[in-house]
Amino acid sequence: SKESAVGRFAVQCASDGGVIDHDNFTWLTYSQVSITASQIARGILSRGLSPGDFIAICGTNSFEYALLDFACALAGVRGFGVHTTLLPHEVKYELELTGASAVFCSSNSLPVIQEASRGNSTIKFIALLVNQCLPLGQTPSTVIALPSLLVSTGQLPDPAKLPMDGSDGLFTLLFTSGSTDLPKAVYVSASSFFSDVTANPCFIE
């Protein structure tokens with residue numbers, strides 16, 4: 001169940017006994033990951049997003065990508081991946097289909113994201129992944145860096161009241177690569193997601 005999956009992770013955070021390997025050099029405890037994800041979640045909500053909103057994430061695999069997934073769950077927003085090979089018109093289609101309220105991306109994906117979001121009135125901000133920031137002075141004023149989202153105080157939503165709590169309620173969308181036509185969205189329910197996580201202890205421990 002969702003409670004057992006989240007509960008087991010909470011136990012790890014409370015004990016602070018486990019560690020997570022980051023970039024093969026830095027070892028982070030579960031509580032450090034939990035604290036940082038909570039700060040990002042508060043920052044997301046402080047910028048006008050609400051539980052149930054969609055956030056697009058576009059970039060190569062990185063530790064920050066995993067942090068954003070945790071942060072989205074804590075904030076009650078729905079993060080979905082945008083394939084890095086998509087063209088601007090394909091990204092535009094995904095952003096408009098979901099009504100995405102924000103985008104997190106790597107610096108090499110930023111030009112495509114900016115073109116795709118031009119004229120989009122629902123996107124409140126674009127944020128760069130922390131380890132892929134543009135050189136000083138080259139970051140557009142409409143783009144923020146992930147560290148600026150960290151907020152230490154503020155109330156996070158009650159998990160029991162989040163839109164994703166329903167057994168068949170929408171948790172996120174998975175998009176196809178769009179190799180044959182515009183990307184197709186696959187509905188992922190909360191029950192199917194947490195059943196998969198619970199069935200694989202390595203995701204939690």
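**Figure 1. Overview of the predicted model of the protein chain.** Of the 205 residues in the protein chain, 43% count as buried. This is a predicted model, and its chain has six helices and nine strands. Taking contacts between residues at least 6 apart in sequence, 61% join residues at least 24 apart. The accessible surface of the chain comes to about 10,400 Å², and carbon and sulfur atoms account for 57% of that surface. The views that follow start inside the protein and end at its surface.

**Figure 2. The largest nonpolar core and the elements that build it.** Which residues have the most contacts inside the largest nonpolar core? They are I40, I44, I55, L68, F104, F125 and L149, in a core of 25 residues. At least two core residues each come from α2 (30-46), β3 (54-58), α3 (63-75), β5 (102-105) and β6 (125-128). Helix α3 makes the largest contribution, with seven residues. Another core, of 21 residues, lies apart from this one and has F80, I123, L128 and L170 among its members. As background, nonpolar side chains in soluble globular proteins tend to be buried together.

**Figure 3. A close-up of L149 and its contacts.** L149 is one of the residues with the most contacts inside the largest nonpolar core. Setting aside residues up to four places away in sequence, L149 touches Q39, I40, G43, I44 and R47. On the same terms, its partners also include F104, F125, A127 and I144. Several of these are worth finding again in Figure 2: I40, I44, F104 and F125 are also listed among the residues with the most contacts in that core.

**Figure 4. F125 in strand β6.** Here we turn to F125, which lies in strand β6. Is F125 buried or exposed? F125 counts as buried because its relative accessible area is 4%, below the 20% limit for that class. With neighbours within four places in sequence left aside, F125 is in contact with R47, L49, S101 and A102, and also with V103, F104, I144 and L149. One of these partners, A102, is 23 residues away along the chain, yet the C-alpha atoms of F125 and A102 are separated by 5.2 Å.

**Figure 5. D53 in the loop between α2 and β3.** A102 appears again in this view, now beside a loop residue. D53 lies in the loop between α2 and β3. Its C-alpha atom is 8.9 Å from that of A102, with their positions 49 residues apart in sequence. Not counting residues up to four places away in sequence, D53 touches V77, R78 and S101. S101 is also in contact with F125, the subject of Figure 4.

**Figure 6. Two buried cysteines, C58 and C105, without a disulfide.** How many disulfides are there in this model? The count comes to zero. C58 is in no disulfide, and the nearest cysteine sulfur, that of C105, is 6.6 Å away. This separation is too far for a bond, because a disulfide needs the two sulfur atoms within 2.5 Å. Both residues are buried: C58 has a relative accessibility of 4%, and C105 has a relative accessibility of 0%.

**Figure 7. The salt bridge in helix α4.** A search of the whole structure finds one salt bridge. K92 forms a salt bridge with E96, and their closest N and O atoms are 3.0 Å apart. Both residues lie in helix α4 (residues 88-98), four residues apart, which is about one turn of the helix. K92 is partly exposed, with a relative accessible area of 32%. E96 also counts as partly exposed, at 49% relative accessibility.

**Figure 8. A nonpolar patch on the surface.** Which residues make this nonpolar surface patch? Y93, L97 and L182 form the patch, which covers about 230 Å². L182 is found in the loop between β8 (170-175) and β9 (185-189). With 31% relative accessibility, L182 counts as partly exposed.

**Figure 9. I35, an exposed residue of helix α2.** I35 is found in helix α2, the helix that also supplies at least two residues of the largest nonpolar core. I35 itself counts as exposed because its relative accessibility is 52%, over the 50% limit. I35 and L150 are 115 residues apart in sequence, while their C-alpha atoms are 10.0 Å apart in space.

Key. Residues numbered from 1 in each chain as written. Predicted model: local features only at pLDDT ≥ 70, side-chain atom pairs only at ≥ 80, totals over all residues. Heavy atoms only, no water. Patch = residues over 30% accessible without salt bridge, like charges linked within 9 Å, V, L, I, M, F, W, Y side chains within 5 Å. Areas by Shrake-Rupley, 256 points an atom, 1.4 Å probe, with all protein chains shown as cover. Salt bridge = Lys/Arg side-chain N within 4 Å of Asp/Glu carboxyl O. Buried < 20%, exposed > 50% of the residue type's maximum accessible area, 1.4 Å probe, protein only. Core = buried A, V, L, I, M, F, W, Y, C linked by side-chain atoms within 4.5 Å. Contact = heavy atoms within 4.5 Å.
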